[in-house]
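User: Please take a close look at one strand of this model and at what surrounds it. I should like a connected account that starts from that strand and then places it within the chain.

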Amino acid sequence: MSSKILIIGACGQIGSELTFKLRSIYGDENVVASDISYSNLDIVNSGLFEIVDAKDYASVKTCVEKFNIDTVYLMAAMLSATGEKYPMEAWDLNMTSLFHVLNLAKDNFIKKVFWPSSIAVFGPTTPKEYTPQYTIMEPTTVYGMTKQVGERWCEYYFNKYQVDVRSLRYPGIISWKTLPGGGTTDYAVEIYHEAIKNKSYQCFLKDESELPMMFMDDAIKATVDIMQAKAEDIKIRSSYNLAAVSFTPEDITESIKKQIPEFEISYKPDYRQDIANSWPKSINDSYARQDWKWKHQFFLDDITEEMLSQLRLKYN
């Protein structure tokens, strides 16, 4: 029997590309996309779509029952930079939605849950280099706090109620298909757009701000891989460290200049610099590579090649 999947927050940066990938694997009829509005018409018009408010338990439960959903990907969240502007709203959305889905699983309405965590769970006291899976976690952003607390609840629901919940600590995600959604690593997407459009970019982080990053295709692959893994292979029920590449704005600029020599960058750090300073520079994801054989495919120059070639088609 085929899995029936609900993606909550399907119109977002990761959710939209995850929707298309899951439909290609499981069939359009078995993947229900949902969000609070019809903002992404590509998603709305490409298959089953429902309006679902992640903060409303009845809204989520009704959709689950309507389509006999057994697997939920909870991608709805308020990200780091936006969350600092609206802290109470970020806490409400990020935590309430998780409880609704975990409780539906606890009560056997659904069988499996994917919930994304983030490198934002780490803080300024965390080891910066090759950050281990188990380490000090003292996040300084509302977003990071919600993800850290969410991880604890995921593990609790697994231990207490045997909820099959799986999670990844995403690094910064880079994609040409969708615009970024209010995160601190957004510069790594914006810089490619501006390189094509204007041959210049003003970066909101300092030139040496090194952060863990990942191309969207790798992020989607990791999400599918962990959900397809055998339950006994998932040893960590809080959230797995996940890594691909780490680089600075200076590194990405040099990569772009290999293709656009006239590209210029300037720097005007804003409030997002403090957020970036609190995060790791690189991540140790050896548990993911060991337990369910995670392996990334895209390095920095691969990402640059793909981003620039696709954005040229978009803007030219």
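Analyst: Strand 2 is covered on both faces: V31, A33 and D35 on one side, and V32 and S34 on the other, are all buried. Here buried means under 20% relative accessible area, exposed means over 50%, and partly exposed lies in between, with a 1.4 Å probe and protein chains only. Strands are DSSP runs of E with at least two residues, helices are DSSP runs of H or I with at least four residues, and both are numbered from the N terminus. Five of the five residues of strand 2 are buried, so the strand is largely enclosed by the rest of the structure.

The model is predicted: local features need pLDDT of at least 70 and side-chain atom pairs count only at pLDDT 80 or more, while totals for chains, interfaces and linings use all residues. Residues are numbered from 1 along each chain as its sequence is written, and side-chain values use heavy atoms, with hydrogens and water left out.

The neighbours of strand 2 come next. Strand 2 (residues 31-35) and strand 1 pair in the parallel sense over four bridges; two strands pair if DSSP finds at least two bridges between them. Within this pairing, I5 stands opposite V31, and I7 stands opposite A33. The connection from strand 1 to strand 2 passes through helix 1 (residues 13-26), and this β-α-β crossover is right-handed. That term applies if, with the strands pointing away from the viewer, the path from the first strand over the helix to the second runs clockwise. Strand 2 also pairs with strand 3 (residues 49-51), in the parallel sense and over three bridges. In that pairing, S34 has E50 as its bridge partner in strand 3.

Strand 1 (residues 5-8) is likewise covered on both faces, with I5 and I7 buried on one side and L6 and I8 buried on the other. Strand 1 and strand 4 (residues 71-74) pair in the parallel sense over four bridges, and L74 in strand 4 is the bridge partner of I8.

Helix 5 (residues 87-106) offers another element to examine. Its 20 residues should span 28 Å at 1.5 Å a residue, and its end C-alpha atoms are 28 Å apart, which agrees; the expected span is 1.5 Å times one less than the number of residues. Among the buried residues of helix 5 are L93, M95, L98, V101 and L102, and also N94 and H100. Just after helix 5, N108 takes a positive phi of about 65°.

Turning to the whole chain, there are twelve helices and 14 strands. The radius of gyration is 19 Å, close to the 20 Å that the globule rule gives for 316 residues, so the chain is as compact as a globular protein of that length. This radius is taken over C-alpha atoms, and the rule is 2.2 Å times the number of residues to the power 0.38. The C-alpha atoms fill a box of roughly 55 × 45 × 40 Å along the principal axes. Of the 316 residues, 56% count as buried. Among contacts (heavy atoms within 4.5 Å) between residues at least 6 apart in sequence, 78% join residues at least 24 apart.
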